[in-house]
Amino acid sequence: MSAKTEKLLSLLNGQPVVPVLKIANVADAVPLARALARGGLPAIEITLRTADALEAIRRVAGEVEGAIVGAGTILDARQFDEAAAAGSKFIVSPGITNELLAAAKDSPVPLLPGAITPGEIMAAREAGLRFLKFFPAEQSGGIASLKAFASPLADVKFCPTGGITGKNAADYLSLPNVICVGGSWVAPDDMVKAGRWDEIEALARAASQLGR
Ligand SMILES: O=C(O)C(=O)C[C@H](O)[C@H](O)COP(=O)(O)O
């Protein structure tokens, strides 16, 4: 396992669920990250799908003690560099490209790229990666696919993301080649919009116990 993969795993520190967040209003970022951390999910992924995402990452990195903020939906090298400069501790992408792999190689910030086919997984392996996002998980064969990878691609571990909820997360987490899952269910848009931080903390607390 490469030093950067080890760094990423130590950042996640056994956390079974990584919240995937879409921050529509930058003022929500800090209270949301605090609620998730209080609930036992300090490692979070803020997706670059909103205009305020980089500022949200900056604020969480600067203001929320104990939070481990990563950036998600990173599509190219420019976004990789911007997200790293904003204070992201790790970078998540939906897929894998040569440009992203090159950006990651030049950076101390670890990359968790998405892969779905054996060929993509093998390309990531050739680049030295042994821990990948399996995206979109439910839509791409889910648990059955991951079980099928376990033997031929035995040294690769996954963070399935996409369609994971409190109902199916424990089944994914029971697979030997799954380290954690990603999902948006712990921070529903309506709860974030209404500032229902206590309810989000409770969702996080339940998620933090999954697979244990
Ligand atoms: O943008 C990315 O990089 C993503 O990872 C997409 C996420 O996987 C989904 O937004 C989370 O999926 P759900 O939990 O099904 O809502």
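Phe134 of strand β6 stands opposite Pro160 in β7. The model is predicted. Strand β6 covers residues 131–134, and β7 covers residues 157–160. The two strands pair in the parallel sense, over four bridges. Both faces of β6 are covered. Phe131 and Lys133 are buried on one side. Leu132 and Phe134 are buried on the other.

A cis peptide bond joins Phe135 and Pro136. Its omega is about -10°. Pro136 is placed in the loop between β6 and α7, the helix of residues 142–149.

Helix α10 runs through residues 197–208. Its 12 residues should span 16 Å at 1.5 Å a residue. The C-alpha atoms at its ends are 16 Å apart, which agrees with that expectation. The buried residues of α10 are Ile200, Leu203, Ala204 and Ala207. Down the helix axis, these buried residues fall within an arc of 100°, so they line one face of α10. An α-helix has 3.6 residues a turn, so residues three or four places apart point the same way. The cover over the buried residues of α10 includes strand β1 (17–21) and the helices α2 (29–38) and α9 (189–193).

The ligand is surrounded by 15 residues. The closest are Gly72, Thr73, Thr161, Gly183 and Ser184. By class, the shell holds six nonpolar and nine polar residues. Charged residues are absent from this shell around the ligand.

Thr73, one of the closest residues to the ligand, also has a positive phi, about 60°, although it is not a glycine. Thr73 lies in the loop between β3 (68–72) and α4 (77–85). With 18 other C-beta atoms within 10 Å, Thr73 is partly exposed. The buried class starts at 20 such atoms, so Thr73 does not enter it.

A positive phi is also found at Asn13, a residue other than glycine, with a value near 50°. Asn13 sits in the loop between α1 (3–12) and β1. Its surroundings hold 9 other C-beta atoms within 10 Å, so Asn13 is exposed. The cut-off for that class is 12 or fewer.

Conventions: Residues are numbered from 1 along each chain as its sequence is written. This is a predicted model: local features need pLDDT of at least 70, side-chain atom pairs count only at pLDDT 80 or more; totals for chains, interfaces and linings use all residues. A residue is near a molecule or strand if its C-beta atom, placed from the backbone, lies within 6 Å of it. Ala, Val, Leu, Ile, Met, Phe, Trp, Tyr, Cys and Pro count as nonpolar, Asp, Glu, Lys and Arg as charged, and the others, Gly among them, as polar. The expected span of a helix is 1.5 Å times one less than its number of residues. The arc is that of the directions from the helix axis to the C-beta atoms. Two residues are in contact if their C-beta atoms, placed from the backbone, lie within 7 Å. Two strands pair if DSSP finds at least two bridges between them.
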